[in-house]
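Colleague: Could you please take me closely through one part of this model, and then show how the chains meet? I am in my first year, so kindly explain each term when it appears.

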Number of protein chains: 4
Amino acid sequence: MLYNAIAGRNRARLEALSDGLFAFAMTLLVLDLRVPSAFGVRTDGDLLHALAHLVPRFVPYLLSFMTLSIFWIGQQTQLNGLTRTDRNLTWLHLAFLLPVTLVPFSTSLLAEFLDSRVALGIYWLNLFLLGATLYAGWRYARHADLVKAELDEATRDSFDRRIIIAQSLYAVGATLALVSTYLAIAAIILIQLNYVFAPRIRWLYRL
Amino acid sequence: MLYNAIAGRNRARLEALSDGLFAFAMTLLVLDLRVPSAFGVRTDGDLLHALAHLVPRFVPYLLSFMTLSIFWIGQQTQLNGLTRTDRNLTWLHLAFLLPVTLVPFSTSLLAEFLDSRVALGIYWLNLFLLGATLYAGWRYARHADLVKAELDEATRDSFDRRIIIAQSLYAVGATLALVSTYLAIAAIILIQLNYVFAPRIRWLYRL
Amino acid sequence: MLYNAIAGRNRARLEALSDGLFAFAMTLLVLDLRVPSAFGVRTDGDLLHALAHLVPRFVPYLLSFMTLSIFWIGQQTQLNGLTRTDRNLTWLHLAFLLPVTLVPFSTSLLAEFLDSRVALGIYWLNLFLLGATLYAGWRYARHADLVKAELDEATRDSFDRRIIIAQSLYAVGATLALVSTYLAIAAIILIQLNYVFAPRIRWLYRL
Amino acid sequence: MLYNAIAGRNRARLEALSDGLFAFAMTLLVLDLRVPSAFGVRTDGDLLHALAHLVPRFVPYLLSFMTLSIFWIGQQTQLNGLTRTDRNLTWLHLAFLLPVTLVPFSTSLLAEFLDSRVALGIYWLNLFLLGATLYAGWRYARHADLVKAELDEATRDSFDRRIIIAQSLYAVGATLALVSTYLAIAAIILIQLNYVFAPRIRWLYRL
């Protein structure tokens, strides 16, 4: 297995592939905001009316831009913490990039069916796959001794906890869809905003 | 908050993500130039006629290519001026990338409704969000002491002024839409050309 | 021929172009998963029913994501093994990138016509072109003495064998379409999974 | 003008933006190869028949992939020959990237109207803009003393000649459309193949 001992060890290229993929997925989200056709739109009032129909699509768009940003930072932080990559880690990160490419699809589905539990369930599944593959990458890196020595056990554990807490919160948020999908979407947005702004609710991170 | 102390500090990846996103947004603009269908086009005269209808779409396309180029250089210059990035700065730049992904949408809207003040207003709002987020990034970098020591106060102030003057000009340009949207578009194009060619109207930069 | 002696020797840019192209091809695959229109979908049951029609499209999508990942790692490993690139090698890798851009097309064709031998034949042809151009790059690199000294002859030969064995397996897999295209697709998926998980069937690599 | 003295001097980012843009334009070409709809295609014979209609689209696709590859290598070679970039050179290369984004459009137009002199003229104009902006970049770099000292005058001149000869050949090739557009396309393809394979017609490069 000489090939496999050498293959897939270039971290710079894994990062470049990831950055390209995230950049593309983030821009694809916007393709869902279809410009109203000039046909039947005569006045500025008509145009405002047509644009008003796009507003509900903006919410999943913003949510998914935040989601992709959060997981992009998460992957970056994980890779920054490693001394090197190996073939297995590269494959785990390729597995992580798969649900990244699915985000435009699940976002579009949610935008089209804001009040459907099925659409919300698929969106949650996408969030879960992002977290699960990133977690698998980190667990493997710890197991295979790829983590930088400067990160002590407490810090390493904090990486684990970070993903587990986030995924628990997503799961709770998604469960609110049993009451109302709008409530569940609002909860997931609040969770994401929390990760963006990292407010001072310190006890949560001390768990 | 161990995770947040480590997260999002990789400038190379922020740059790579940004370059991918700008490259994609610039190329997406062109998707708006739909090739006429062969159906109903029999002679070269017919084709010229069909292409003539695309000409008004070329103007917003060129305008937005210039806009994205100007802000790409603006972001590059800001990041070049920093010793390092941190998590907050990364998030401010992600907030800057959000309106970048919106440029193909607002350009397409303007191309479809060249004489609509609503479309022009949304295009201006996009320009404003680009400037506001880039300005926030710079103000934060100064505040958090991320700027290279070799940039003295006068240079740092010139970065601030640059954005504020450009945004003031855009706002004045957009206001011309009260007279005519074509006039407003022409004004914004002239402002962008000024930034591309940086002519010798030195007094403007001495303000 | 001064120009040609200097041209195309930048490995970093070849890698960046490749990463961008792979990232884009991987994300394009997902565009084939069209979100069902809200029109005619009223209940969650309707939506599940509509999504069930998308399931057969998921199989070629996953297959092609694996395929692109395998060839991305293959190209990365080849380039990692070289001391430098030259103009000819760059052109051979550009020839390799051509079938990479075709993967979304042949995947989409296979997804649309899962039971067609023509669609499967074109998909196999795409796999063959990926392997043949990557092989040509490697043979040329050995011939032109671009390979790192630290890779001994046995290792170099293992790179050759790797591609030849994979291509032989693809050809056998594709031939199964004479019995059933589903059988052929299953065989190719199993071959790809073997390369992803690199199981302990060691005798195969000792050939 | 403090800002302009600092702005746009990062060559790595110009290269990254260019690679992303080229990668995207190359992959967009393939979107023109629309997969036939399953509707009305029942047998493999039907599918072969439907695919046969796509063959004429393959020719412009391959031509443009070669074109983009040639100009990508051309830009890479120019940037490799420079010690540094400055703001003006960056803008000239952004002007070069504009016609790069237009290649998918002019390719699509040519594929749709293979026998139209207007479509061929626009394709030629695109080639001309690519060459003219790349030439302007090189002339400016020589003028502003950005070229590496190791490139002597003869080598620098060979860069000039390279573009001028290629553009002269394109112009002659395009003129053949007065006889037949197919002849003109064949001529341009032959010119591109010459640049890809750089055959031993040495006298041409000695001009």
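Modeller: What follows looks at one helix first and then at the contacts between chains.

This is a predicted model, in which local features need pLDDT of at least 70 and side-chain atom pairs count only at pLDDT 80 or more, while totals for chains, interfaces and linings use all residues. Residues are numbered from 1 along each chain as its sequence is written, and chains are lettered from A and ligands numbered from 1 in the order in which they are written.

The part chosen is helix 8 of chain D, residues 181–197. A helix here is a DSSP run of H or I with at least four residues, numbered from the N terminus. Helix 8 of chain D has 17 residues and spans 24 Å from its first C-alpha to its last, close to the expected 24 Å; the expected span is 1.5 Å times one less than the number of residues.

Which residues of helix 8 of chain D are buried? They are Thr181(D), Ala184(D), Ile185(D), Ile188(D), Ile191(D), Gln192(D) and Tyr195(D). A residue is buried if 20 or more other C-beta atoms lie within 10 Å of its own, exposed if 12 or fewer, and partly exposed in between, with C-beta atoms placed from the backbone. Viewed down the axis of helix 8 of chain D, the buried residues fall within an arc of 120 degrees, so they line one face of the helix. The arc is that of the directions from the helix axis to the C-beta atoms. An α-helix has 3.6 residues a turn, so residues three or four places apart point the same way. The buried residues of helix 8 pack against helix 4 (55–80), helix 6 (117–143) and helix 7 (153–175) of chain D. On the face turned away from the buried side are the exposed residues Leu190(D) and Phe197(D).

Chain D also meets chain B, in a contact that takes 34 residues from chain B and 32 residues from chain D. Two residues are in contact if their C-beta atoms, placed from the backbone, lie within 7 Å. On the side of chain B that touches chain D, helix 2 of chain B gives the largest share, 9 residues. By class, that side of chain B has 20 nonpolar, 9 polar and 5 charged residues. Ala, Val, Leu, Ile, Met, Phe, Trp, Tyr, Cys and Pro count as nonpolar, Asp, Glu, Lys and Arg as charged, and the others, Gly among them, as polar.

Elsewhere, 34 residues of chain C are in contact with 33 residues of chain A. Helix 2 of chain C supplies the largest share of the side of chain C that touches chain A, 9 residues.

How values were computed: Helix = DSSP H or I, 4+ residues; strand = E, 2+ residues; numbered from the N terminus.
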